[in-house]
Amino acid sequence: MKPLTVIGFLGSTLDASKFGPSRWNKWRPTVGLAMHEDLRVDRLLLIHGSQHRRLAEYVAEDVVSVSPETRVDLRVLDFHDAWDFEEVYGKLLDFARAEPFDPEAEEYLVHITTGTHVAQICLFLLTEARYLPGRLLQTQPERGTLNPAGTWNTIDLDLSRYDSIATRFAVAAQEGTSFLKSGIETRNPAFNRMIDEIERVALRSKAPILLTGPTGAGKSQLARRIYELKRLKHQIAGPFVEVNCATLKGDGAMSALFGHRKGAFTGAVGDRTGLLRTADKGMLFLDEIGELGSDEQAMILRAIEDKRFLPVGSDKEVASDFQLIAGTNRDLGAAVAAGGFRDDLYARLNLWTFQLPGLAERREDIEPNLDYELDRFAEREGIRMGFNKEARQRYLAFATSPEARWPGNFRDLSASVTRMATLSAKGRIDTDAVEAEVHRLARLWSGQGQDESDILAEVLTPAALAEVDPFDRVQLAAVVQTCRRSRSLSEAGRTLFVASRTRRTSANDADRLRKYLARFALDWSTLTGR
């Protein structure tokens, strides 16, 4: 049995009594919790104000005297006005977010008998919203007897009875969808409706979610935000494990996903856990799931349905209870029809499918995302950048026009902002920087080729470019182009070193590429904006 923690307020009236034997003839809700043979309380988290410290210590002593196995954890939480709903809810929300709850290791009951009515409502709200990951507990005196323990029961309240509570839940729902959008005030009505639905599904269902859409539409970021939302609501405890299935090829794919036993194949010098087991109690994001081979698809299906699978070379199954989000830029329905994707796996994934639109379909969202990318640049580089008024107007006029194609979607926008912010001085992006970027994007999207000088001028200062030898410029320009076409540093490294990597005993293509770029004071984020 998991240990039980009860969370509740000290009752400044109900829990009070005169000191002496007569106090044991009175029902005191907090003390009574520890007197039930059928309710073993391992820990009592008792919230009280500073002015009631002596009463709290007095009650704690009585709890321990009747239940020595109960540990009382006194917490001071002061309210300027204990009947102010906004203040009480806000402070209790902060308390719930800061408390290291662990539903996998403990069970929780939230005692709503004591405290002001406002406090009781707030405890209900926070429990129903899963900020407090437990069930509601109600206690009451046993009428007609002198039983100081009283009676207890867990309860479910009908939310529809309370208009004010329903309103608070509506606010909480809005906070959830804002969380999924990283706080970006998106304006596209269809996208906002979709995010509202994803938020409801994510918090009410453990079924797989399939995110489709073009490369760069934000599938990976949305998957991580879904995970963070569920973790915030104590619905998930394990890690977020992201896998790009396009990088899993050949014999190594099964080992990477499902793990292997020592000696399972040549080179298996030790056991390998595998990504599915790593995601136990957490979330597994299989990006580009349409790139998996048929054998991997079959094992993924079983792992989803039974939560069990066989590592490579093992005759003993292992378990992993993960929640799955899959992403793809392919039409999986067409892949099923063509025989390239299992129909049973597609049926399992297709319960909740959401199509993320490309940036060109959400042009009204470019402006709020522009501000978001500037914030990301500031966090990444430690430099706060902004636009001159005229420069901002010029960039938005181009970015929202039919002339702007945005084939790379939000990756293109992120790279564009990164280039302008990096090349601008004094914390301001001016019209000259915008015109240069507009010209660069128009040229890139028109399909016109660039020579190495044009490419390197985008990432190196004139002084740094002048120090690069002509034969090095050709090679560096090819590396920059490959990085921009690739989804990760590792993928770019594999592309660039595809021949030489077969002649080395160990291959760390990402590290090799990182060291090459460092020779020119470049890095992956500078080149790609990711």
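Q: Let's start with a cysteine: is Cys483 buried or exposed?
A: Happy to start there. Relative accessibility tells you how much of a residue can be reached from outside, and buried means under 20%. In this predicted model, Cys483 has 0% relative accessibility, so it counts as buried. Cys122 is also buried, with a relative accessible area of 0%.

Q: How many disulfides does the structure hold?
A: A disulfide is a covalent bond between the sulfur atoms of two cysteines. Here the count is zero.

Q: Where is Leu292 found, and how should I read its surroundings?
A: Begin with the secondary structure on either side, then look at accessibility and contacts. Leu292 is in the loop that runs between β9 (283–287) and α10 (294–306). Its relative accessibility is 5%, so this loop residue counts as buried. Setting aside residues up to four places away in sequence, Leu292 touches Cys245, Leu257, Gln297 and Ile300. You can also compare sequence separation with distance in space: Gly340 is 48 residues from Leu292 along the chain, and their C-alpha atoms are separated by 9.4 Å.

Q: What does the same reading give for Ser50, and where does Ser50 lie?
A: Ser50 lies in a loop too, the one between β2 (43–48) and α2 (53–66). The middle class of accessibility runs between the 20% and 50% cut-offs. With a relative accessible area of 35%, Ser50 is therefore partly exposed.

Q: Which residues does Ser50 touch, beyond those up to four places away in sequence?
A: Those are Val76 and Asp78. With Asp78 there is a polar contact as well, side chain to side chain, at 2.6 Å. For a long span, take Ser50 and Asn388: they are 338 residues apart along the chain, and 52 Å separates their C-alpha atoms.

Q: Now the whole chain: how many helices and strands does it have?
A: The protein chain has 22 helices and 15 strands. Its C-alpha trace spans about 95 × 65 × 45 Å along the principal axes. Of its 530 residues, 49% count as buried.

Q: What share of the contacts joins residues 24 or more positions apart?
A: Such a share shows how contacts are spread over sequence separation. Among contacts in the protein chain with a separation of 6 or more, 71% are between residues 24 or more positions apart.

Q: And what can I say about the surface and the charges?
A: The accessible surface of the protein chain is about 26100 Å², and carbon and sulfur atoms contribute 49% of it. For the charges, take the mean position of each sign: those of the 71 positive and 75 negative charges are 2 Å apart.

Key:
Residues numbered from 1 in each chain as written. Predicted model: local features only at pLDDT ≥ 70, side-chain atom pairs only at ≥ 80, totals over all residues. Heavy atoms only, no water. Helix = DSSP H or I, 4+ residues; strand = E, 2+ residues; numbered from the N terminus. Buried < 20%, exposed > 50% of the residue type's maximum accessible area, 1.4 Å probe, protein only. Contact = heavy atoms within 4.5 Å. Polar contact = N/O pair within 3.5 Å; in protein donor to acceptor, adjacent residues only side chain to side chain. Disulfide = S-S within 2.5 Å. Areas by Shrake-Rupley, 256 points an atom, 1.4 Å probe, with all protein chains shown as cover. Lys, Arg positive; Asp, Glu negative; His and termini not counted. Charge placed at Lys NZ, Arg CZ, Asp CG, Glu CD.
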